[in-house]
Amino acid sequence: MVSAIHIRILKFLLGILPGIIPVVFHAQNPAYQTYKNKDLPVPYFTGIDELADGRLAFSSWAGLCTYDGKNFEHYSISDGMPSISVQSTFLDSHGRFWMHTARGLCYLENDRIISLNTINPKLRPYNNIKQLYVSKEDTVYLEYSHIDEKISVQIYSSEANPNSWDKIKVQSTRELKLRNIDRPTELISTIALGQDRAKNLVNVFIGKKNKKKITYTIQPGQLLKGDVKSFNNFAIFFVLNHLIIFRDNELIREMTFDDNIHYFKLIGKELWVMFENGGVARYNDYLSDKPDYLFREKEFIQIWDIFKDFSDGYWFLCAAENGLIYVPDLTNQRLEIGKELHNSTIATATVYNDSLFIGYFDGSIGLLNNHTLPNEKMVHHDPGKVFAMDLTFSHQNRVYASYRSGLFKYDSKEEQFKLISNVPCASVGRDTKGKLYLGLGTGGVAYLQNDQLIRISNTPPLSINKYYVSGKDTMLTTHSDRGLFIQKNGRWKKYSDATFFNQFVGHYQFGKTEVYTSYGTGLLFTSQGDSLYLSKKDGLISELINSVYRDQSGTYWIATGKGINWIKISQDLKKFEIGPPIRKNQNVLEIFEFKGQIWYSNYMGIETLNRNEKKLNYRLRVKPVTKAKQDRQGVYLLENDQIGFRFRAIHFNEDENIVYEYQLKGKSEDWITTTEEQIQFSLPSGSYEFLVRVKGQPATSEAILFVVPTPFWKSWWFILTVLIVIASIIWRIVYSRLKQRRLKHQLMESELKALRAQMNPHFTFNSLNSIQNFILKNEGDLAISFIQDYSMLVRMMLEHSSLEYISLQQELEAMELYLKIEQWRMNYKFDYQIHVAENLDSSYHRVPSMILQPFIENAIWHGISLKEGKGKISINASLEQGFLHILVEDDGVGRATSEKLKSSYRAKHKSMGIKLSENRLKILSQSDSKKYQIRIIDLFDQGTPSGTRVHIQYELRD
């Protein structure tokens, strides 16, 4: 009787039976690109990661390398790394790329290596690093272990302070509390491996509590390899050629391979298994049963790591000198000549039912179908007789091949081509109804009817390249002349109305739309009288068109001499869209649909074309190249009005320049096209946003915010300062003018007062009295002479009173006349002398008018007149160091004696004359900024007063 326990055991065995049977692989050969040693900055890599900006980071024992799809950049000790041996890596939530090296930790940020060189070297585990992890709290966890030792964890904690990385904690697995770790189940494995070397057994322990044990036997001396990884509620591990999957501590899958496992990796749900002797197995899901086997060829040896980038491309890190393998898309397959295909250059290809016919230049025809792919079967060979290889099929679903030796038809029963006409055929073509036309090598055209060639009599006797019959016209091209001939009214005429048709090579009919191709001038679409011409300026990668194919969605695929374009066109041909170029720098011959996929052929093989490639996935990397500080909100604060950006659209399947569009919000809302990868701006002050994208792609870069500072001359404080300065200058000018006006007014008043003082009644009365005396004494001549001198003095005083400055000569002449009159009036009581130094040009230098008169008058009235006996007055003028020195000296009684003897009238007179002169000089000095000084010196002769000297010092200027 079968118990419930037996039933459960039976179900368990049936469940794991497919897994324990050796895996049979379904092989495929994806299209790939290799990077050999000559392409790499270091001999080989040990790990692959992706940076936050989309670049790839390759770890090695010779430093770190980054790759942006165009250039490799190498970092080593000279760039700040503690060691060039990178053992484990991690990209944290802040975009920093962490590396644990043989001599400590470092990370890459903004293209700079930051080393944590303060860590105690005694606490660094150098080897067997299993995992590096950085939490959001900036705590670094290093998990390391040996295959037969307990797992332990080392923790580097910054305590959220980048400057305190020297505070380190070291804990074992048991001591570590995982409550605050945001990814604990991936950090600590729930499986441990142990080896009983004496019994050649490997023990696998699953779980922390109630551990389960699985034992594997190994051969004596066999090198044990194994690894464990846990992911949430399940775990995967391998030992030798066994791969085991547990979920919730229950065995759900066990697989045995015919080669020892080197490494395994989960990418999403995909499970990748790498083997010691080369190649990898891929499972779409880690629970699926049918793996695909890749890179099992002899040229591929052990693969160390696999990585999937942001554009869904796969990178395979090979051991040692094999470098890198890049697969843009796993669904893309490539069949190469000399490998999966016949070893000859491909000439043409066509699809018939579920079969693909490939024609080679050596005269062979190969057959591929869904059942035998990629095993090609040769179905025809005509060595040495290939003239123009061409494959086509008619409306009767028969495949024909044209050769120099004749026309062959494919026999599907016998799976071979049979000769139906020995007339040399240069080409095969069809009209819109499927009727087959052949360009004959001997000249002319024939059509096929019931497998019989019927010549068309009116065709020109030329070697025909292609013959077409469209809805309206019959046309052909020749080998000798690549122009287009059109039949009109039964006669053939070369069509030369446009340069396009002079290089016409092909015609295609897709429903009501006809497509004309050319050898160097682009494409022409026509439909019901409408036409559309496309060339490189419209986005074609090349104007040399080899063939055109339209798929079921209505997309046109254009095979050119430099790659592929796809085109979408409206029915009226008024709107069109050209996709970005793909398969660049390849001479693509034909595009066709086979096995539900788009394929294309070139001289070296055939390859699938993923329809998703119509829109490429880019990752834009944008970086300011101008030095600027960032605030807490990430806004760049510029130091001046200059800023530059360097940008790069990362896509690892692109190998030519990319067309960009950028927008600078704050200046313009327009998108500007450029092929440069660096742009420079000189901007007015303000706030801006910079965006860039690949032309034709909707995705753009993140906006870079920056602020151009306001120039200091536009700042409020500078404007306020300038206004204050301008106001001060205006106030100073107005004040100066008012002051000048006030001084001039004071000067006029002072001069009038001085004039009145000079022409005082006493002087006038005495002068007139002297004239009267001359008349009474009958001294008429003296009276007349006196009157003349007096009138001349009065005239001089009146003339000079209207002038601020007169020459020194004029001043001395007036004073001499004044002294002469006073000398006559006082009956020659005194003598006078006027002397001018030789270095002084009295006619050039100017002085204030009548400035000496009060001092001379004072010498006469208060010095000489009170002296007993005859006196003397002298005037001396000299020039010293830019100053005019005038000395007015008398030998009178002196100031002290005069004070005692003078009357009150004379005291008042003295006070007014001297004071007015000093005030006048003061006003003039303020107005003209000229220095002056008046000193009155008492003279003594052995202690007795002997006169007075007045020293006037006045600054002279030109």
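Mentor: Contact here means heavy atoms within 4.5 Å. Keep in mind that this is a predicted model.

Trainee: OK. What does Leu808 touch, leaving out residues up to four places away in sequence?

Mentor: On that count, Leu808 touches Leu840, Ser842, His845, Arg846, Val847, Ala877, Leu884 and Ile886.

Trainee: And which residues touch the most other members of the largest nonpolar core?

Mentor: Leu808 is one of them, along with Leu852, Ile856, Ile860 and Ile886. That core holds 45 residues.

Trainee: Which elements give two or more residues to it?

Mentor: Helices 5 (761-776), 6 (780-801), 7, 8 and 10 (904-928) do, and so do strands 69 (871-880), 70 (883-890) and 72 (944-955). Helix 7 gives the most, nine residues.

Trainee: Where is the second, separate core, or at least which residues does it include?

Mentor: Among its 23 residues are Tyr660, Phe681, Leu683 and Ile704.

Trainee: Back to helix 7. How do the axes of helix 7 and helix 8 cross?

Mentor: Helix 7 spans residues 808-825 and helix 8 spans 853-864; their axes come within 11 Å and cross at roughly 20 degrees. Angles under 35 degrees count as roughly parallel, so helix 7 is roughly parallel to helix 8.

Trainee: Is the crossing left-handed or right-handed?

Mentor: Helix 7 passes helix 8 in a right-handed crossing.

Trainee: Which residues meet there?

Mentor: From helix 7, Glu811, Met815, Tyr818, Leu819, Glu822 and Arg825; from helix 8, Gln853, Ile856, Glu857, Ile860 and Trp861. By type, the contact divides into six nonpolar, one polar and four charged residues.

Definitions and conventions
Residues numbered from 1 in each chain as written. Predicted model: local features only at pLDDT ≥ 70, side-chain atom pairs only at ≥ 80, totals over all residues. Heavy atoms only, no water. Axes fitted to C-alpha atoms, helices over the stretch in contact; angles between N-to-C directions. Helix = DSSP H or I, 4+ residues; strand = E, 2+ residues; numbered from the N terminus. Parallel < 35°, antiparallel > 145°, perpendicular 65-115°, else oblique. Left-handed = near helix turned anticlockwise from the far one by under 90°. Nonpolar A, V, L, I, M, F, W, Y, C, P; charged D, E, K, R; others polar. Core = buried A, V, L, I, M, F, W, Y, C linked by side-chain atoms within 4.5 Å. Buried < 20%, exposed > 50% of the residue type's maximum accessible area, 1.4 Å probe, protein only.
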